[in-house]
Amino acid sequence: VNKQDKTDLIYCNDTEHALEAIKHKEKFGGKLILNVLDVPHWIGNFEEHRYKTIPLLKQADIITCISKTVQNRISNIYNLESSILYPPVKTPNFISTNKSDYFLYLGRLEKYKNPELIVGVFNQLNLPLIIAGIGSQYFKIKAISKSNIQVLGEVTENQKWELLSKAKALIFFHEEDFGIVPVEAMAMGTPVIGLNRGGVS
């Protein structure tokens, strides 16, 4: 939104910027939608985070989130109601019909997404694995000496599509009911290997 104009609708995609959006509503009016990307229950100072976040979310006219899993967390942990707003699948700008021999992990590497499990399995099997991050300041992993595992760090949108297109399969070990990256992989003709636990398939 134009920060100097009156708006009918204010949408904030991340609760980190909720206070800015709330101040905009107070100044210019309009309905406020606050989107919750996740409820970070795994962080060390979560109770402090929860204490600060709930009052901000209560000022929204509508709370949205990106999956059923996040919606359940908002309900169970924040005791608030929300609506699911699935993110759109972007149009791929690279499609390869030639598959490589590597498996791909693509996304953030928070502890609850099981990165250590993935690395351990691929080390035991000695299979080629590429680990790449997308849009995440949380992308961190310890140095890996195994020659079968390559850590790229954060990749661009073009690199993402090329990696997805050429991968033998995408590894999706997240405890989520829905993930946009598996949909993007399947749109490229790349199989997805995931968990079958807690609604994950």
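**Strand β6 and the nonpolar cores**

In this predicted model, strand β5, which spans residues 103-106, pairs with β6 in the parallel sense, and four bridges connect the two strands. Within this pairing, Leu106 is the residue that stands opposite Ala132 of β6. A parallel pairing is also found between β6 and strand β7 (residues 149-154), here over five bridges, and in this case Ile131 stands opposite Val151 of β7. Strand β6 itself covers residues 129-133, and since five of its five residues are buried, the strand is largely enclosed by the rest of the structure. The burial concerns both faces of β6, with Leu129, Ile131 and Gly133 buried on one side and Ile130 and Ala132 buried on the other.

The largest nonpolar core comprises 19 residues, and the members with the most contacts inside it are Leu34, Val36, Leu57, Ile63, Ile74, Tyr78 and Leu80. Two or more residues are contributed to this core by each of the elements β1 (9-12), α1 (18-28), β2 (31-36), α2 (46-57), β3 and α3. Apart from it lies another core, made up of 14 residues, which include Tyr102, Ala132, Trp161 and Met188. Ala132, which is one of the buried residues of β6, is thus named both in the pairing with β5, where it stands opposite Leu106, and among the residues of this other core.

Returning to the largest core, Tyr78 is one of the residues with the most contacts inside it. When residues up to four places away in sequence are not counted, Tyr78 touches Val39, Pro40, Phe46, His49, Arg50, Thr53, Ile54, Leu57 and Arg73.

Ala18 is located in helix α1 and, with a relative accessibility of 0%, which lies under the 20% limit, it counts as buried. With residues up to four places away in sequence again left out, Ala18 touches Cys12, Leu34 and Leu56. Ala18 and Ile33 are 15 residues apart along the chain, and their C-alpha atoms are separated by 9.4 Å.

A further buried position occurs outside the helices and strands, in the loop between β3 (62-65) and α3 (68-78), where Ser67 is placed. Because its relative accessibility is 1%, Ser67 counts as buried. A polar atom of the Ser67 side chain lies 3.2 Å from the backbone nitrogen of Val70.

Note on methods. Residues numbered from 1 in each chain as written. Predicted model: local features only at pLDDT ≥ 70, side-chain atom pairs only at ≥ 80, totals over all residues. Heavy atoms only, no water. Buried < 20%, exposed > 50% of the residue type's maximum accessible area, 1.4 Å probe, protein only. Pairing = 2+ DSSP bridges. Polar contact = N/O pair within 3.5 Å; in protein donor to acceptor, adjacent residues only side chain to side chain. Core = buried A, V, L, I, M, F, W, Y, C linked by side-chain atoms within 4.5 Å. Contact = heavy atoms within 4.5 Å.
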